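I opened this notebook to record what I looked up, entry by entry. The notes start with the strands and end with the chain totals.

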Amino acid sequence: MTQAMYPPIPGSTNDLPEVINAPAVGEIRKLLTRLAVEYPPDLVAVEQRDIARMTYNIGLALQYAPPQPVICDVGGGICMFSLGLAALGYRSILVDDFGDEFCREFAQSAVGLHQRYGVEIVSRDVITNGLDLAPESIDVATCFHTMEHFHNSPKRLFHQLVAALRPGGVFVLGVPNRVNLRKRVMVPFGGAPWTSMESWYEQEVFRSHVREPDVPDLRYICRDLGLKVLEVAGRNWQGHKNKSPFIRFLAHSADWTLQQLPSLCSDIYVLGRKEAR
């Protein structure tokens, strides 16, 4: 894995229409289904369970992008997001320190799979060392379920990402919602909305959720970054993957209704555009 400075690439997103034609959902899902079985055997089932979420995330990244975008994902680890984009033929840059226990166990083989499909890997602690992207060199910056793990403010990192966006480029930020419907129901009955005590107290380095945001927090970040909010969306992936069949049933049954109220969803997203000067 290498660290690199990526030079600006000719082109501009200044005059993009609001929505660009992206690959069909079925095409993305079919590709990811094939890619999942190329992972190391111990990871295949994990990746297969995540196909729906990765399909959605790829669709978000491409929704407002130009026909041949450069996409930089921060913190994606060994999931199929950056891999799927590269397999679709896009220039895909993945920046991660691969320090999570899950990543450390499988990083070598899984990262090799990413590289075979052309993902450009940057192994880097972005909070400590920042980014090394040239100004106005990418079209889309993404950060899915990563910000909540940072022990220090991501403000500097996010400003660097926005500086790396071309005018008209889009920043997509996805996080778990700290005030989703499930947590609002659990807390009055004594439920714990946080990670287990053991995951914090017994680990030398705590890498789980430090601070989960809500929808107003995402809008706050966009204001600080000077981005125009294009969309706030909500989904309920955590419920879909819950161990309890009853919870999974409830999540599927309520999903469409909850999507109309992102502030109640388990997973929330904001898409912000860097306006042309």
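**Strands, rings and one helix**

I began with strand β5, residues 165-176, and found that seven bridges join β5 to β7 in an antiparallel run. The model I am reading is a predicted one. Within this pairing I noted Val172, which stands opposite Leu271 of β7.

I then asked in what order the strands of the open sheet follow one another. I read the order of the seven strands as β3-β2-β1-β4-β5-β7-β6, and the pairing is mixed. β3 (120-123) and β6 (227-235) are at the edges with a single partner strand each, so each has one side without a neighbour in the sheet. I also looked up the turn between neighbouring strands, which is 15 degrees on average, direction ignored.

Next I looked up what packs on the sheet. Helix α7 does, and I recorded that it touches β1 (70-74), β4, β5, β6 and β7. The direction of α7 makes about 145 degrees with that of β5.

I turned to burial in α7, which covers residues 155-164. Here I listed Leu157, Phe158, Leu161, Val162 and Ala164 as buried. Why do they lie on the same side of α7? I found that they cover an arc of only 160 degrees around the axis, which puts them on that same side. I added a general note: an α-helix has 3.6 residues a turn, so residues three or four places apart point the same way.

My next entry concerns the aromatic rings. I counted five aromatic pairs in the structure. For Phe144 and Tyr269, I noted ring centres 6.1 Å apart and planes at 65 degrees; edge-to-face pairs need over 60, so this pair is edge-to-face. Phe144 belongs to strand β4 (residues 138-144) and Tyr269 to strand β7 (residues 267-274), so the pair ties together parts 125 residues apart in sequence.

I checked whether these two residues are buried or exposed. Phe144 is buried at a relative accessible area of 9%, and Tyr269 is also buried, at 1%.

I followed the ring pairs further and found that they link Tyr56, Phe81, Phe144, Trp237 and Tyr269 into a cluster. Over the ring of Tyr56 I located the charged end of Arg235, 4.7 Å from the ring centre.

I closed with the chain totals. I counted 12 helices and seven strands, and 51% of the 277 residues count as buried. Of the contacts with a separation of 6 or more, I noted that 80% come from residues 24 or more positions apart.

Definitions and conventions:
Residues numbered from 1 in each chain as written. Predicted model: local features only at pLDDT ≥ 70, side-chain atom pairs only at ≥ 80, totals over all residues. Heavy atoms only, no water. Phe/Tyr/Trp six-rings, centres within 6.5 Å; stacked < 30°, edge-to-face > 60°. Helix = DSSP H or I, 4+ residues; strand = E, 2+ residues; numbered from the N terminus. Buried < 20%, exposed > 50% of the residue type's maximum accessible area, 1.4 Å probe, protein only. Lys NZ or Arg CZ within 6 Å of the ring centre and 35° of its normal. Arc of directions from axis to C-beta. Pairing = 2+ DSSP bridges. Axes fitted to C-alpha atoms, helices over the stretch in contact; angles between N-to-C directions. Contact = heavy atoms within 4.5 Å.
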